[in-house]
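Got the viewer open? Let's take a short walk through this one, a stop at a time.

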Amino acid sequence: GLIFYDTKVTVMNRVLNATVQRTADHAAPEITLDPLEIVGGEIRSSENSYFCQAARQLGCVPSSQLCVKLASGGDPTYAFNIRFTGEEVHGTSGSFRHFLWQVCKELQSSSLSLLLLCPSSAVNKNKGKYILTPSPITYAEEQLFHFFGQLLGIAIRADVPLPLDLLPSFWKTLVGEPLDPDVDLQEADILTYNYVKKFENINDETELEALCAEIASQHLATESPDCPNKPCCKFTYLTMTGEEVELCPRGRHIPVGWENKDVYAAAIRSLRMRELQSPECMTAVRAGLGSIIPLQLLTTLTPLEMELRTCGLPYINLEFLKAHTMYQVGLMETDQHIEFFWSALEMFTQEELCKFIKFACNQERIPFTCPCKDGGPDTAHVPPYPMKIAPPDGAAGT
């Protein structure tokens, strides 16, 4: 916390350039994607998604081939080239950016099961934020999590921010910071947090009975074996993926009473914290990331800084975009139609601005740093900067 973010990024960039493994005389690996597999936006099966098509093909490519130098003006060197079957695409930039955008869309949809909407978003807290799906994983899923980690590293080297909305707990676990059992539980699952708090704050047995009765009315409790009419809770709870699990051996047969209510609350809390850390999945993600960038770099970054470096800001800063715009062939910032253009953009919502950026450069987010701000010449611009505004071709009409 004592080092400025910009300083960290400078060090990070030097390390990334010192760990390049694919030199200019090596051809970039190429993958072929079939856009017809995802026509209409609905993916019929996860194997056809861009994510799985790419994971299969890049699984055979040594990760050293994906470690390229950072962009420093002109078009960046991308980790791999993409060919779309049946389409002619000029240059590698547009299709690479489109691929990353499409893959993030797939990851945050129901077609892939690697990420899960956090339970809090069901009650409008942290709406649209995701976590790693907490469940035992198969070997095939482990490979996909590994590829997900590689994509994070590839985006960092390419300086293309990924439009991913992940909870802070994901970034904390990624950089190796412990989770906060209060704050992170509340962020991820406010309903469970409130449920646990109710048990922790009970003052006497009558209150406990009333609470069990309230839970029974929501079908979460059963009757006590000792007193058939008295509702009680058992040592079971639902996981984030909806399965009922025992919180201790033979939990289904152990009723929650005054003497063990705190043990019950603590057991639910630790179940959720384990799910949030998702150690198996995170190990695979970190292994993938470590094959593209040295993991030692993460020790200097806070979770928020790691998110900034990987995903940029989820909003478009118009002032920054304006400062990185070039006017070509006789156009000037003071021309009336240019002023109209910026006034129109100022009226856009953030969602519309993201669509404009996607239309202009095939990615939804723009980096909020650019090498040229360090006093470098214009050549230090990294795409998508500068945005270029040019006059129309030909002189026909007004």
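Begin with the whole surface switched on. The protein exposes about 20,300 Å², and carbon and sulfur atoms supply 55% of that area. Keep in mind as you go that this is a predicted model.

Now swap the surface for a cartoon. You'll be looking at 14 helices and ten strands. The protein has 398 residues, and 46% of them count as buried. Among contacts with a separation of 6 or more, 66% are between residues 24 or more positions apart.

Next, go inside: select residues 30-33, which make up strand β1, and pick out Ile31 there. Is Ile31 buried or exposed? Its relative accessibility is just 1%, and buried means under 20%, so Ile31 counts as buried.

Which residues does Ile31 touch, leaving aside those up to four places away in sequence? Show side chains for Ala54, Gln57, Leu58, Phe80, Asn81, Ile82 and Arg83 to see them. Try a distance label on one of these pairs: the C-alpha atoms of Ile31 and Ala54 are separated by 6.8 Å, although the two residues sit 23 residues apart along the chain.

Time to head back out to the surface. Select Asp204, Glu205, Glu207 and Glu259, and you have a negative surface patch. Zoom in on one of its members, Glu207. Glu207 belongs to helix α8, which covers residues 205-217. Glu207 counts as partly exposed because its relative accessibility is 35%, a value between the 20% and 50% cut-offs.

Notes:
Residues are numbered from 1 along each chain as its sequence is written. This is a predicted model: local features need pLDDT of at least 70, side-chain atom pairs count only at pLDDT 80 or more; totals for chains, interfaces and linings use all residues. Side-chain values use heavy atoms; hydrogens and water are left out. Patches are made of residues with over 30% relative accessible area and no salt bridge: like charges are joined within 9 Å, nonpolar side chains (Val, Leu, Ile, Met, Phe, Trp, Tyr) within 5 Å. Accessible areas come from the Shrake-Rupley method with a 1.4 Å probe; for residues, only the protein chains shown count as cover. A salt bridge is a side-chain nitrogen of Lys or Arg within 4 Å of a carboxyl oxygen of Asp or Glu. Lys and Arg count as positive and Asp and Glu as negative; His and the chain ends are not counted. The place of a charge is taken as NZ of Lys, CZ of Arg, CG of Asp or CD of Glu. Helices (H or I, at least four residues) and strands (E, at least two) are DSSP runs, numbered from the N terminus. Buried means under 20% relative accessible area, exposed over 50%, partly exposed in between (1.4 Å probe, protein chains only). Contact means heavy atoms within 4.5 Å.
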